[in-house]
Amino acid sequence: MSNPEFTDQLREYSHWREQLIQAIEMYVEWRIRYKLNDPHSTETLLNILSGLQHDKITLAFAAEFSRGKTELINALFFSETGVRLLPSSPGRTTMSPTEMFWDEKGGSYIRLLNIESRLEDVSLIEFKNNPERWTQIELDCDSPTQMQKAFKELVATKKVPREVAEKLGLWNEREAAEQGIIDPETVEIPCWRHALISFPHPLLKQGLCILDTPGLNALGTEPELTLSMLPNAQAIIFVLAADTGVTKSDLEMWKNHVCNSRGHSKQGLAVVMNKIDAMWDDLAGEEGYEDAIDKQVEASASILGLNEDVIFPVSAKQALLAKIKSDPKLLQKSRLDKLEHYLSNDILMQRRDILLQTISNKIGFLVNESLNLCNTKLENASKQLEEFQKMDFENHEMTAKLMAETRDQQNAYMSNVENFQASRKVFSVQAKMLVESFSKEKIDEIIKSSRQEMSKSLTTVNGHLN
Ligand SMILES: Nc1nc2c(ncn2[C@@H]2O[C@H](COP(=O)(O)OP(=O)(O)OP(=O)(O)O)[C@@H](O)[C@H]2O)c(=O)[nH]1
Ligand SMILES: [Mg+2]
């Protein structure tokens, strides 16, 4: 399998994106559960989610014709098919912008939009949403030769009367004159305006989208490509040919189409200096070869106003051959590894940063708001908890005091009870003595003695009873 590093990084990126989606989904649920959702914020969050779910990393290859864009795409991504999958040949080859991705629902296919659709006032996006308007060719992924044959349709051309070409915006008198074509009756034009390829390549399945473009002429005539597709691409890989260096038309394309789509930061931009093998000179040998490449890189960096470290000298042709033939020495010679490393690390990292930046711009304030709300609630709850704990402590103190008082009272009561018991005992002894003192015998005795004393006193006082 080609470029495992890029595959690994892309897989890791997809995993990271999945986790991000899950976190945002959980946040949406949390807002609903605590009734913090309002229609506007919910819509913003759902839009972010949908954007993340459909997120694709688009690598666009732009350059003048015949710089080796298509060969480079074959070498980077499609070598495991064992064939030169996308047509690449001397002269003008790629006729229309070609997007490669994986459409899970649609399976493997090539969809082609006819060139005449340029006359309709319908945008490319609208056409993309309407598959019936495209000519579809099914791809048999188990048969590289069937696919190779099907891909040939991408470069199909036809001859039409000059007026028709003119009407379609595909006739340029100056350019034709430069090629020695003067006042022709018929003009050769591409059959197709745009191509969509759905292919089950592991990288495409992970969300990678590759955009191959035709040379300057086509870029100029397809405004949607310049105005929306290139600016929206995650990275643009601008291809130069090492043997020619930066030509006038390369520079024109660089300034008008590449730099304009990247803004000042020139983020997500790599320049490939292809065809280094063409600089090999038997007489100059290895050293001369190295020097020649270094000089070209230096000169190109200075003309394009770039750092030398984003200019990658490669040989796409050698790389494709090396991968198909499993020849590590040739692969090393092609120097494709440095470009692959850059795509894996820098481009994917940049994409991650950009996504994070976009998300934090769009929903960062919502998360901050929720965080502040949570912090305030937590603070209030902590304060309440503290108060409860204090009250609980005070209650403990009060209970101990009451307990001690009760215990004292209980003790006093108990000693009272004891005193009472003792008094009761004394009382009952005394009561018994009292009752005893009133017993019948004693009363009789008292009466008897009283009577005797009374009769005695009767005789004594008067001396007579009568
Ligand atoms: N020597 C050499 N030739 C190459 C290399 N890469 C591509 N070519 C050749 O250059 C020619 C053009 O390559 P393409 O890949 O078709 O170039 P392109 O930039 O896609 O061109 P258009 O589709 O016309 O815009 C083909 O004949 C390739 O075989 C390379 O690294 N070394
Ligand atoms: Mg091409």
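Two residues are in contact if their C-beta atoms, placed from the backbone, lie within 7 Å. This matters below, where the two domains of the chain meet. The model described here is predicted.

**Domains**

The domain assignment splits the chain into domain 1, residues 1–55 + 352–398, and domain 2, residues 60–156 + 191–334. Across the boundary, nine residues of domain 1 are in contact with 10 residues of domain 2. On the domain 1 side, the touching residues are three nonpolar, four polar and two charged. The C-alpha centres of domain 1 and domain 2 are 40 Å apart.

**The chain as a whole**

The chain contains 16 helices and 11 strands. Its radius of gyration is 51 Å, whereas a compact globule of 466 residues would have one near 23 Å. Along the principal axes, the C-alpha atoms fill a box of roughly 195 × 55 × 45 Å. Of the 466 residues, 28% are buried. Taking the contacts between residues at least 6 apart in sequence, 79% join residues at least 24 apart.

**Strand 1 and its partners**

Strand 1 covers residues 57–62, and six of its six residues are buried. Which residues point each way from strand 1? Ile 57, Leu 59 and Phe 61 point one way, while Thr 58, Ala 60 and Ala 62 point the other way. Residues on both sides of the strand are buried.

Strand 1 pairs with strand 8 and with strand 9, as the table sets out.

| Partner of strand 1 | Residues of partner | Sense | Bridges | A pair of opposite residues |
|---|---|---|---|---|
| Strand 8 | residues 208–212 | parallel | five bridges | Ala 60 and Leu 211 |
| Strand 9 | residues 235–241 | parallel | four bridges | Ala 62 and Phe 238 |

Ala 60 and Ala 62, which point to one side of strand 1, thus appear in the table with partners in two strands: Leu 211 belongs to strand 8, and Phe 238 belongs to strand 9.

**Around ligand 1**

How many residues surround ligand 1? The shell has 23 residues, and the closest are Gly 68, Thr 70, Ser 88, Thr 94 and Lys 317. By class, the shell is made up of six nonpolar, 10 polar and seven charged residues.

Helix 3 (69–77) and helix 13 (316–325) each supply at least two residues of this shell. Which helix gives the most to the shell? Helix 3 does, with three residues.

Terms used
Residues numbered from 1 in each chain as written. Chains lettered and ligands numbered in written order. Predicted model: local features only at pLDDT ≥ 70, side-chain atom pairs only at ≥ 80, totals over all residues. Rg over C-alpha atoms; globule rule 2.2 N^0.38 Å. Buried ≥ 20, exposed ≤ 12 C-beta atoms within 10 Å, placed from the backbone. Domains from an automatic or database assignment. Nonpolar A, V, L, I, M, F, W, Y, C, P; charged D, E, K, R; others polar. Near = placed C-beta within 6 Å. Pairing = 2+ DSSP bridges.
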